[in-house]
Amino acid sequence: MIRTQRLAAGVCALLAAFTAGLAFPAGAVADETTALAPKVDLVLDVSGSMRTKDIDGGTRMAAAKQAFNEVLDATPENVLLGIRTLGADYPGDDQKTGCKDTAQLYPVGPLDRTEAKTAVATLSPTGWTPIGPALLKAADDLDGGTGSKRIVLISDGEDTCAPLDPCEVAREIAAKGIGLTIDTLGLVPNTKMRQQLSCIAEATGGTYTSVEHTEELTDKVNQLVDRAADPVVTPVATDGADSCAKAPTLKSGLYTDREEFGQERWYRVDVEPGQELRASVSVAADRTMNPDYGVLLRAVTVHGREIVRGESAGNGRTDVISTGLRYPKAESDDEEAPAETVCLQVTNAFSAASGVKTTPGMPVELTVDVVDGPSQASDVASFGLGRGWWLLGLLVLAGFLAGLVWGWLSRWRVAVWRTN
């Protein structure tokens with residue numbers, strides 16, 4: 001009997017150890033999956049100005065709550081999402097206290113939709129607008145893990161907690177190299193708020209969007225959350241040439257290169273008849289620059305004829321300057337028609353401040369996408385303006401007729417004056 005009991009106990013212990021051995025790797029896999037999961041922190045302005053009724057007949061706060069409820073329903077299962085507020089708790093007039101008013105409403109982690117919606121429903125517009133302190137805390141909320149990290153800031157006004165400049169805060173976050181992107185959305189924006197929110201987004205490679213309707217807010221936040229869930233694309237290093245003839249041929253994808261001051265880089269892309277080339281380029285001002293600079297992206301034929309161009313200028317307040325272009329290639333009746341080689345030229349008009357090193361070159365990120373072309377691609381390819389030619393012709397005709405009428409009236413007035 002004793003032997004039987006000992007044998008049974010040994011078997012149970014062995015099974016327990018075996019079960020524990022199986023459970024540990026499963027837990028390790030779960031931890032690894034969580035570490036790789038994308039993280040999003042929605043940062044919502046709950047300051048007193050959110051009581052204003054100018055969005056679809058309701059308050060800005062009501063629009064934000066409705067948008068959040070729909071976003072929470074549509075959030076992908078693999079996204080770790082949190083909600084942080086600013087200006088939600090302190091209703092007083094003391095700026096020092098009001099500028100500390102930021103709190104984590106719902107922690108970043110696996111989403112309990114009911115709990116998150118309940119938390120959002122309790123919000124009421126209250127106090128100040130400490131955007132800078134909220135961004136610092138939100139960056140801490142997203143600390144840890146190797147997945148993508150994204151802050152989505154929704155505000156209806158500029159920061160009220162100077163001298164802590166939220167744009168400088170965003171630059172500090174970007175300088176940490178933790179791969180965190182800040183996207184900003186302005187509710188019924190004014191000029192100062194637009195400039196501030198744009199600067200915050202540009203500092204981390206994010207986007208700024210102005211929003212004036214609840215549906216727009218819902219769609220944009222959903223898009224940003226979905227973007228966080230998308231796999232992170234690692235740019236492919238390439239080496240542009242100093243002429244089209246020597247340039248590397250690129251396929252659809254994301255590429256990285258470096259370009260020195262005043263230098264031009266060339267790349268080649270093959271475009272089949274009926275396809276459309278879409279290309280964009282971003283040049284990072286990773287050192288002190290003289291103000292008033294620009295970047296140019298041109299698509300030209302192998303013989304040097306310009307097809308289309310995109311260009312953008314900066315004034316020293318942006319850390320990244322970007323531009324893009326599109327070129328639809330007309331369809332051909334010949335099924336064996338060859339592809340057209342399009343040469344992409346990237347040129348910059350940067351100049352370094354005194355004492356700044358000019359090498360290595362500035363980081364360049366080039367996106368190339370060759371897709372099936374839109375309908376009536378030949379119009380855009382041939383004329384560049386597409387259907388805009390009709391408007392241009394109408395304006396020319398209207399100007400001609402207006403000139404005739406004005407000329408007749410002028411002659412009539414002169415004749416009357418002479419008669420009198």
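These legends accompany a set of close-up views of a predicted model.

**Figure 1. The whole chain opens the tour, with its 10 helices and 17 strands.** The protein chain has 420 residues, of which 41% count as buried. Take the contacts between residues at least 6 apart in sequence: 75% of them join residues at least 24 apart. The views that follow pick out a helix pair, two nonpolar cores, two sheets, a ring pair and two single residues.

**Figure 2. Here is the largest nonpolar core, a set of 31 residues.** Leu-44 and Leu-217 are the residues with the most contacts inside this core. Seven elements supply at least two residues each, as you can trace here: strand E1 (39-45), helix H2 (60-74), strand E4 (80-86), helix H4 (113-121), strand E6 (149-155), strand E7 (180-187) and helix H8 (214-229). H2 gives the largest share, with seven residues. If you centre your attention on Leu-217 and set aside its neighbours within four places in sequence, you will find it in contact with Ala-63, Ala-64, Ala-67, Ile-154, Leu-185, Leu-187 and Val-211. There is also a second, separate core of 29 residues, and its members include Val-281, Met-289, Phe-350 and Val-370. Phe-350 returns in Figure 6.

**Figure 3. Helices H2 and H8 cross at roughly 35°.** A pair of packed helices is described by the angle between their axes together with the distance between those axes. For H2 and H8, the axes come within 9 Å. The crossing in which H2 passes H8 is right-handed. On the H2 side, the contact is made by Ala-63, Ala-64, Gln-66, Ala-67, Glu-70, Val-71 and Ala-74. H8 meets them with Thr-214, Leu-217, Thr-218, Val-221, Asn-222, Val-225 and Asp-226. Leu-217, already met as one of the residues with the most contacts inside the largest core, is thus easy to pick out again on H8.

**Figure 4. Four strands make an open antiparallel sheet in the order E11-E16-E13-E14.** At the edges are strand E11 (264-271) and strand E14 (306-314), each of which pairs on one side only. From one strand to the next, the twist averages 15°. E11 and E16 run antiparallel and are joined by eight bridges. A handy landmark for finding your way between these two strands is Val-269, which stands opposite Val-342 in E16.

**Figure 5. Another open sheet has five strands, ordered E9-E10-E17-E12-E15, with mixed pairing.** Strands of a sheet pair through backbone hydrogen bonds, in either a parallel or an antiparallel way. Strand E9 (236-237) and strand E15 (320-328) stand at the edges with a single partner strand each, so one side of each has no neighbour in the sheet. Further in, strand E12 (residues 275-284) and E17 run antiparallel, joined by nine bridges. To line these two strands up, look for Ser-280, whose bridge partner in E17 is Thr-367.

**Figure 6. Tyr-293 and Phe-350 form a stacked aromatic pair.** This is the one aromatic pair in the count. The ring centres are 4.6 Å apart, with 15° between the planes. Tyr-293 belongs to strand E13 (residues 293-300), while Phe-350 sits in the loop between strand E16 (340-348) and strand E17 (362-372), so the pair ties together parts that are 57 residues apart in sequence. Tyr-293 is buried, at a relative accessible area of 5%. Phe-350 is buried too, with a relative accessible area of 5%, and is among the residues of the second core.

**Figure 7. Val-364 is a buried residue of strand E17.** Its relative accessible area is 3%. Val-364 and Ala-284 are 80 residues apart in sequence, yet their C-alpha atoms are 6.6 Å apart in space. Leaving out residues up to four places away in sequence, Val-364 touches Tyr-255, Thr-256, Asp-257, Arg-258, Glu-259, Val-281, Ser-282 and Val-283. Of these, Val-281 is also a member of the second core.

**Figure 8. Asp-56 has a positive phi, near 55°, in a residue other than glycine.** You will find Asp-56 in the loop between strand E2 (53-55) and strand E3 (58-59). Its relative accessibility is 49%, so Asp-56 counts as partly exposed.

Note on methods:
Residues are numbered from 1 along each chain as its sequence is written. This is a predicted model: local features need pLDDT of at least 70, side-chain atom pairs count only at pLDDT 80 or more; totals for chains, interfaces and linings use all residues. Side-chain values use heavy atoms; hydrogens and water are left out. Rings of Phe, Tyr and Trp (its six-membered ring) pair if their centres lie within 6.5 Å; planes under 30 degrees apart count as stacked, over 60 as edge-to-face and the rest as tilted. Buried means under 20% relative accessible area, exposed over 50%, partly exposed in between (1.4 Å probe, protein chains only). Two strands pair if DSSP finds at least two bridges between them. Axes are lines fitted to C-alpha atoms, for helices over the stretch in contact, and angles run from 0 to 180 degrees between N-to-C directions. A nonpolar core is a set of buried Ala, Val, Leu, Ile, Met, Phe, Trp, Tyr and Cys residues joined through side-chain atoms within 4.5 Å. Contact means heavy atoms within 4.5 Å. A crossing is left-handed if the near helix is turned anticlockwise from the far one by less than a right angle, and right-handed if clockwise.
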